[in-house]
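Hi,

Here is the structure I promised to pass on to you. Have a look at it first, and then read my notes below.

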Amino acid sequence: MTESRPSESSPEYRYHLLRAASERFQGAPSTLDADQLSQAEHQAHQTLELESLVLSSPEARDTLLPETRLEEAITELRGRFEDEESFQADLERNGLSESGLRIALQRELLFDAVLQRIGSRAETVTEADERLFYAQNQARFVTPERRTARHILITINAEYAENERSAARARIERIASQLQSDPQQFGPLARAHSECPTSMEEGALGTLPRGKLYPEIDAALFALDEGQVSDIVESEIGFHLILCERIHATTEVPFERARSKIHDALDARRSRECQKAWIAELRQQAPPTEETSTA
């Protein structure tokens with residue numbers, strides 16, 4: 001027996017079109033331009049075809065959907081609107097009635113239930129699987145060294161006398177001299193003299209791993225000891241002084257702490273693979289789809 005695809009006027013298709021428009025363009029179909037609407041329609045046809053394929057399977061016929069689950073879904077959708085009038089008006093704008101919405105939602109919930117059932121057939125994740133994943137993806141469980149830093153910037157700009165190269169250098173040297181006698185003044189000096197927007201936060205750059213700053217600044221910062229102020233560093237925007245406030249050492253998440261997330265990730269992956277293989281088999285076995293006339 002062949003399965004006919006619901007027509008473009010059906011509530012099933014209208015619901016899939018609404019969902020596609022919302023997911024791709026955060027709007028209703030009526031708000032989309034011609035190109036966006038074409039993309040949404042293409043996605044709606046694809047997802048509706050997949051849903052129809054899954055719901056035609058023996059597994060779908062053997063899957064029961066509690067009526068309470070459908071009522072919960074309807075109630076949740078109603079709750080997104082200020083009142084019943086707004087809810088009904090939105091349905092009408094999108095070519096749906098409440099009865100049509102119930103049909104579309106029941107199909108969607110049954111589709112999800114069938115795929116969950118198929119996914120549960122996946123091979124159980126063992127501790128050996130978890131440990132192998134941990135060993136093969138070690139970098140995921142390491143937090144690299146980071147530095148909490150501040151900086152003072154004097155820019156180089158030949159259009160201004162005080163920022164002409166030699167003048168800018170002299171200014172940063174005077175600040176560096178003050179810091180030699182009292183490094184605790186770095187924050188106030190940054191607020192008073194730095195020409196970077198971070199001056200409002202006393203030069204705070206935050207806590208950073210390698211590679212987030214200009215190369216010259218990055219190299220200087222990661223060569224400092226905790227509490228140390230750098231020599232004058234020149235970058236493409238000017239002269240800098242850098243304070244390394246704190247060093248956060250490289251840390252590794254131990255297997256036992258990562259194990260639960262690893263298990264969930266592997267379990268979800270195996271479920272998806274099981275679902276994809278089952279759908280591929282359905283497609284191979286499915287007879288040609290009959291197009292329903294929209295005339």
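**Where two domains meet**

Domain 1 and domain 2 bury about 1000 Å² between them, and 64% of that area is on carbon and sulfur atoms. In case you wonder about the unit, an interface's size is often given as the accessible area lost when the parts come together. Before you go on, please keep in mind that this is a predicted model.

To find your way around, start with the division into domains. Domain 1 covers 11–119, domain 2 is made of 121–141 + 253–286, and domain 3 covers 142–251. If you take the C-alpha centres of domain 1 and domain 2, they lie 29 Å apart. Domain 1 puts 12 residues into the contact, and domain 2 puts in 10 residues.

Which three residues supply 54% of the area that domain 1 buries against domain 2? They are Leu 53, Ile 118 and Gly 119, and no other three residues supply more.

There are polar links here too. Between domain 1 and domain 2, 8 residue pairs are in polar contact. Two elements, helix H2 (34–55) and helix H6 (98–119), each give two or more residues to the side of domain 1 that touches domain 2. The largest share of that side comes from H6, with 6 residues.

How many salt bridges cross the interface of domain 1 and domain 2? The rule finds 2 salt bridges there. You can also look up the pair Glu 49 and Arg 283, whose side chains meet in a salt bridge at 3.1 Å, N to O.

**The sheet**

Now turn to the strands. An open sheet is formed by 4 strands, in the order E3-E2-E5-E4, with antiparallel pairing. Strand E3 (204–209) and strand E4 (233–235) are the edge strands, so named because each pairs on one side only. From one strand to the next, the twist averages 40 degrees.

Try tracing strand E2 (residues 146–155) and strand E5 (residues 238–248) on your screen: they run antiparallel and are joined by 10 bridges. A handy spot to check is Arg 150, which stands opposite Leu 243 in E5.

Which helices lie across these strands? Helix H8 (residues 165–181) lies across E2, E4 and E5, and runs at about 35 degrees to E5. Helix H9 (residues 186–193) lies across E2 and E5, running at about 35 degrees to E2.

Happy exploring!

Notes:
Residues are numbered from 1 along each chain as its sequence is written. This is a predicted model: local features need pLDDT of at least 70, side-chain atom pairs count only at pLDDT 80 or more; totals for chains, interfaces and linings use all residues. Side-chain values use heavy atoms; hydrogens and water are left out. Two strands pair if DSSP finds at least two bridges between them. Axes are lines fitted to C-alpha atoms, for helices over the stretch in contact, and angles run from 0 to 180 degrees between N-to-C directions. Contact means heavy atoms within 4.5 Å. Domain bounds come from an automatic or database domain assignment. Buried area is the accessible area (1.4 Å probe) that two parts lose on being put together, summed over both. A salt bridge is a side-chain nitrogen of Lys or Arg within 4 Å of a carboxyl oxygen of Asp or Glu. A polar contact is a pair of N or O atoms within 3.5 Å; within protein, one must be able to donate a hydrogen and the other to accept it, and residues adjacent in sequence count only if both atoms are side-chain atoms.
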